[in-house]
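Grab a pencil and work through these exercises with the structure open beside you. Try each task before you read its solution.

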Amino acid sequence: MSKFITIHGHFYQPPRENPWLEAVEVQDSAAPYHDWNERITTECYMPNATSRILGSNGYIETLINNYARISFNFGPTLLSWLETARPNVYRAILEADKESQDRFGGHGSALAQCYNHIIMPLANRRDKITQILWGINDFRYRFGRNPEGMWLPETAADIETLDILAENGIKFTILAQHQARRVRKIGDSAWSDSTGGRVDPRRTYKVNLPSGRSLAVFFYDGAISQAVAFEDLLRDGANFARRILGGLDNRTESQLAHIATDGESYGHHHKFGDMALAFALQFIEKDKTAQLTNYGQYLEINPPQCETEIYENTAWSCAHGVERWQSDCGCSSGSHPGWHQRWRRPLREALNFLRDELAPIFENNASRLLRDPWLARNEYIEVILNRSQTTLISFLAKHQTHLLTTVEQTQAVKLLGMQRHLLLMFTSCGWFFDDIAGIETVQDLQYAARALQLAQEFGAVEVEKQFLQKLESSVGNRGEFLNGRVVWERMVKPVIVDLPKVVAHWALSGLFDNNHKMRDEAGGEKIYSFTVQRLYGEIHTAGRMKLSTGRAKVASLLTGEAGTFDYCGVHFGDHNMLGGVLQVDLTLASSEEHPMQPSTSSARFADILSAFNRSDMPEIVRYFDRIFGNATYSMRSIFKDGQRRILAQIMTETLDDIERQYREIYEDHAPTMRFLKDIIAPVPPTLQTAARFILNRDLKRAVESDEINLDNLRAMLRAIEDWGVELDKEEIGFALSNTLNRLAEEFKSVPDALVTLNCIDAAIDAAQMLPVHVSLYKAQTCCWLVGRNKYAKLAGKTQLDTPTKEWMRKFKGLADKLKVRI
């Protein structure tokens, strides 16, 4: 076979974790999902692990793991999130790489990626090295092998970056056609100009580097890739396959037709794109015109016969080199015509300034603790990947200048953490989109804030002032976020976390949670990347008000930093609360001021308790001001997901009260509404509002139940149609999808449960009945798996008892509804 095909998917999301909590908080723009990682995983990463192949009758014939048949890379920070948040998807990705090794001559399809997707030509050499080493070691940790290839973020390349790749054992990378400057056959003296994307993408090329090393380069087919990403090529899997096959010509020598796009094209950007990909892969395999391969296998079979020189400082998604990540070059998402991106350059300059100012602070302080601070940074990925105390001690034993004390260990971890966040703040998405107040840019600025916070502990007290002056030059497009400094003050500074804030979050959240762990625990309660242990405390109530006082110990699971604090929190009702935290100096534990007895904490807050018992709210506030000054906390201080849980609790009570009123209006006036409808008279808006609220609320409750009553559902739909009520389609569809997913998981775990099977059957009927989009993906996947296992085994038996026959009959009916061939 001389004709080969490779499809590469670049699967990536920017790191979205709160830099202090190490967790992704709720992102409203991803609604109805919790955050963008969750949404895109549901739409893309999960479906590609078990993508459906349809037969001619529209039934699902089989499920395939697309990752095992394509070339792919996943961003390391995305894989880290998947590992904990979606472990089934994570395992499917790793298993696909193992399967691809069997399929493609021992060559795995997974490529490594520079760690957190920075634009490599815009980085200094030291950061380039760390990004590549962290990417390689993250890959090795997850896939259990050394990577052959590495994806460069945005395919942004320069010679220095390519040389560092080669130096660290990387054999190849993938670039866009327009990044080729000129080519020639190895051994020839004459070059051919390749400007304007004229390089032949079907060949493999070698880049000779100044160091004497070399690196293989594959230039993907730009036209076909463009059609996948931005046109409608994924609407039909057969056309997709034919288009790729059309990338081959009649030459007799070996050739490779290959494309590269964002992996999110296959499901997120293009609905059912995963199915088009699966069908195309099957089509190509059956067609036999060409053979599916991956880059590693093709490179072994067909080493480069040509060499190339590249245009440095170029990328696949900017027509102006790498200017999209440092200037107002004209490249943008196109979502906001008329907006400028002049903020990009001063943002880049401000972050470069911060990196360079903090480098000597890191070096000078770390040199006291670590033999080679920059080598330690390069190898700190070991600790990031495994936060156990054993890993940390082993890492420090290797790098420390002397046996570090506990305090010195914390200092070393903080200094290395500062460097980690200085790297994260250059994540490319911060410049890619349209405005400095976008969530991706704010995320990068939050990483900068964490780096600054850590640096200030080592004397960098004036750096923030200079940094903000530079940030002020980053003028945005929205009046409320005039420039980078305003964004910092309004969207970055309020989310900064320290130990007292963690205690405040814990104490104030506990006022709303009857099951809150307000008790002594050996290990404490885990609050994201912290633990909080209550040493002692009291809770008092007075009508709707609640008061909590006590003492707690908080510790960071990342740095080891710890402290003991007295806390006081009061809930006045609704969202109104007030909290205060004071650090306890344990070195003064024997003095009258800070004895380690509960009475000390109680005495501190005795005046507050007295005012609380009198329900004297103004006096409570005055005592808080006197004791805590400006260092008080409120609902705004609670971490975002905690805020939402509390507000949902508060709003539930409010909505229940509204529901009672609307239900009374709706039920009392239903006869009048029917009469108005009969005489074709308009229903007053107030009555329409009451009907809409009640019917949508009832419908949502109905589809959230495991046992959906279809007769009730039909009655609600008739009422909705009668009153011309607008259906909350997204909310109800999402609720029913969740119900179906939950039932499907239960059924997969216990397929014998006829009750669960009946519940799924009713949920499918509801999905077909309602005019909303309901995801059948998980139900179809579970049905296919059960059909391949339990049903197939039973079907081969000649004698079955009556319950088993009933189960098979019901299951076959469910499979038909889901259009799954069993």
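**Exercise 1. Find the residues that touch the most other members of the largest nonpolar core, then look for a second core.**

Solution. Keep in mind that this is a predicted model.

Step 1: The largest nonpolar core has 173 residues, and those touching the most other members are Ile-5, Ile-7, Phe-74, Phe-240, Leu-358, Phe-467 and Trp-488.

Step 2: Now ask which helix gives the most to this core. That's helix 10 (residues 344–366), with 10 residues.

Step 3: Zoom in on Phe-240. Leaving out residues up to four places away in sequence, its contacts include Ile-7, Val-228, Leu-233 and Tyr-266.

Step 4: There is also a second, separate core of 54 residues, and it includes Ala-702, Trp-723, Phe-747 and Ile-764.

**Exercise 2. Work out the strand order of the open sheet and say which strands stand at its edges.**

Solution.

Step 1: Six strands make up this open sheet, in the order 17-18-19-20-21-22, with antiparallel pairing.

Step 2: Strand 17 and strand 22 (632–633) each have a single partner strand, so one side of each is left without a neighbour in the sheet. Those two are your edges.

Step 3: Check what packs on the sheet. Helix 19 (residues 499–510) touches strands 17, 18, 19, 20, 21 and 22, and its direction makes about 40° with that of strand 20. Helix 22 (residues 617–628) lies across strands 19, 20, 21 and 22, at about 25° to strand 21.

**Exercise 3. Follow the pairing from strand 17 to strand 20, and pick out the residues with a positive phi in the hairpins.**

Solution.

Step 1: Strand 17 (residues 525–527) pairs with strand 18 (residues 530–542) over 3 bridges, and Ile-527 stands opposite Phe-530. The two strands form a hairpin with 2 residues between them, where Tyr-528 has a positive phi of about 55°.

Step 2: Strand 18 pairs with strand 19 (residues 545–556) over 12 bridges. Here Tyr-536 has Arg-551 as its bridge partner. This hairpin also has 2 residues between its strands, and Gly-543 takes a positive phi near 65°.

Step 3: Strand 19 and strand 20 (residues 562–573) share 10 bridges, with Leu-547 opposite Val-570.

**Exercise 4. Decide whether Asn-483 is buried or exposed.**

Solution.

Step 1: Locate Asn-483 in strand 16 (residues 481–483).

Step 2: Its relative accessible area is 8%. Buried means under 20%, so Asn-483 is buried.

Step 3: Apart from residues up to four places away in sequence, Asn-483 touches Glu-472, Ser-474, Val-475 and Gly-476.

Note on methods. Residues numbered from 1 in each chain as written. Predicted model: local features only at pLDDT ≥ 70, side-chain atom pairs only at ≥ 80, totals over all residues. Heavy atoms only, no water. Helix = DSSP H or I, 4+ residues; strand = E, 2+ residues; numbered from the N terminus. Buried < 20%, exposed > 50% of the residue type's maximum accessible area, 1.4 Å probe, protein only. Contact = heavy atoms within 4.5 Å. Pairing = 2+ DSSP bridges. Core = buried A, V, L, I, M, F, W, Y, C linked by side-chain atoms within 4.5 Å. Axes fitted to C-alpha atoms, helices over the stretch in contact; angles between N-to-C directions.
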